[in-house]
Amino acid sequence: TNFGKVPTDWNQLSWGHLVENETELHELTHINIAGRLKGHKLKGIEWGFNPAHMALTTLQRSVRIAIHASSILPSSD
């Protein structure tokens, strides 16, 4: 988990980076721009600096997963 840590790359940003522990994660209702990542800068992009920076910090690379249909459809028994 990433609780209490800061990301080393914006593409690795997760909900755990925004809180100190699992309890705080369960209580999280919104992202506090002035929270624990305020002022954290990576590659010239700063958390909370302006809307453009926030868009870049939360942009994630696309991923693709494959889930076999038999694992999500009910059995025909």
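How many positive and negative side chains does the chain have, and how far apart do the centres of the two sets lie? There are 7 positive and 7 negative side chains, and 14 Å separates the centre of one set from the centre of the other. Please keep in mind that this is a predicted model. The legends below start with the whole chain and then visit selected residues.

**Figure 1. The whole chain, with its 2 helices and 2 strands.** Followed along the sequence, these elements come in the order α-β-β-α. The radius of gyration is 17 Å, well over the 11 Å given by the globule rule for 77 residues, so the chain is more spread out than a compact globule. Along the principal axes, the C-alpha atoms fill a box of roughly 55 × 30 × 20 Å. Of the 77 residues, 23% are buried. The chain exposes about 6,100 Å², and 55% of that area comes from carbon and sulfur atoms. Taking contacts between residues at least 6 apart in sequence, 36% join residues that are at least 24 apart.

**Figure 2. The largest nonpolar core, made up of 8 residues.** Its members are W10, L13, L18, L37, L42, I45, W47 and M54. One of them, L18, is a good place to begin looking around. Setting aside neighbours within four places in sequence, L18 is in contact with I31, R36, L37 and W47. Two of these partners, L37 and W47, are themselves listed in the core.

**Figure 3. L37, a buried residue in a loop.** Where along the chain should you look for L37? This leucine lies in the loop between helix 1 and strand 1. L37 has a relative accessible area of 1%; the cut-off for buried is under 20%, so L37 counts as buried. Not counting residues up to four places away in sequence, L37 touches V6, P7, L13, H17, L18 and W47. Of those partners, L13, L18 and W47 join L37 in the largest nonpolar core. For a view in another direction along the sequence, try S70: L37 and S70 are 33 residues apart in sequence, and their C-alpha atoms are 42 Å apart in space.

**Figure 4. A34, an exposed residue in the loop between helix 1 and strand 1.** Helix 1 covers residues 22-27. A34 has a relative accessible area of 57%, so with the cut-off for exposed at over 50% it falls in that class. If you look for G48 while you are here, you will find its C-alpha atom 6.8 Å from that of A34, although the two residues are 14 apart along the chain.

**Figure 5. K43, in the loop between strand 1 and strand 2.** Strand 1 spans 41-42 and strand 2 spans 45-46, with K43 in the loop between them. Its backbone is worth a look: K43 has a positive phi of about 50° although it is not a glycine. Is K43 buried or exposed? With a relative accessible area of 75%, K43 is exposed.

**Figure 6. H53, a buried histidine in helix 2.** Helix 2 is made of residues 51-58, and H53 is found there. The relative accessibility of H53 is 15%, under the 20% cut-off, so this residue counts as buried. Which residues does H53 contact, leaving aside its neighbours within four places in sequence? They are G44, I45 and E46. One of these, I45, is also a member of the largest nonpolar core.

**Figure 7. T8, an exposed residue in the segment before helix 1.** T8 counts as exposed at 72% relative accessibility. To get your bearings, find V19, which is 11 residues from T8 along the chain. The C-alpha atoms of T8 and V19 are separated by 16 Å.

**Figure 8. I72, in the segment after helix 2.** At 60% relative accessibility, I72 counts as exposed. How far apart are the C-alpha atoms of I72 and I45? The separation is 40 Å, for two residues that are 27 apart along the chain. I45 belongs to the largest nonpolar core, whereas I72 is found in the segment after helix 2.

Methods: Residues numbered from 1 in each chain as written. Predicted model: local features only at pLDDT ≥ 70, side-chain atom pairs only at ≥ 80, totals over all residues. Heavy atoms only, no water. Core = buried A, V, L, I, M, F, W, Y, C linked by side-chain atoms within 4.5 Å. Buried < 20%, exposed > 50% of the residue type's maximum accessible area, 1.4 Å probe, protein only. Contact = heavy atoms within 4.5 Å. Helix = DSSP H or I, 4+ residues; strand = E, 2+ residues; numbered from the N terminus. Rg over C-alpha atoms; globule rule 2.2 N^0.38 Å. Areas by Shrake-Rupley, 256 points an atom, 1.4 Å probe, with all protein chains shown as cover. Lys, Arg positive; Asp, Glu negative; His and termini not counted. Charge placed at Lys NZ, Arg CZ, Asp CG, Glu CD.
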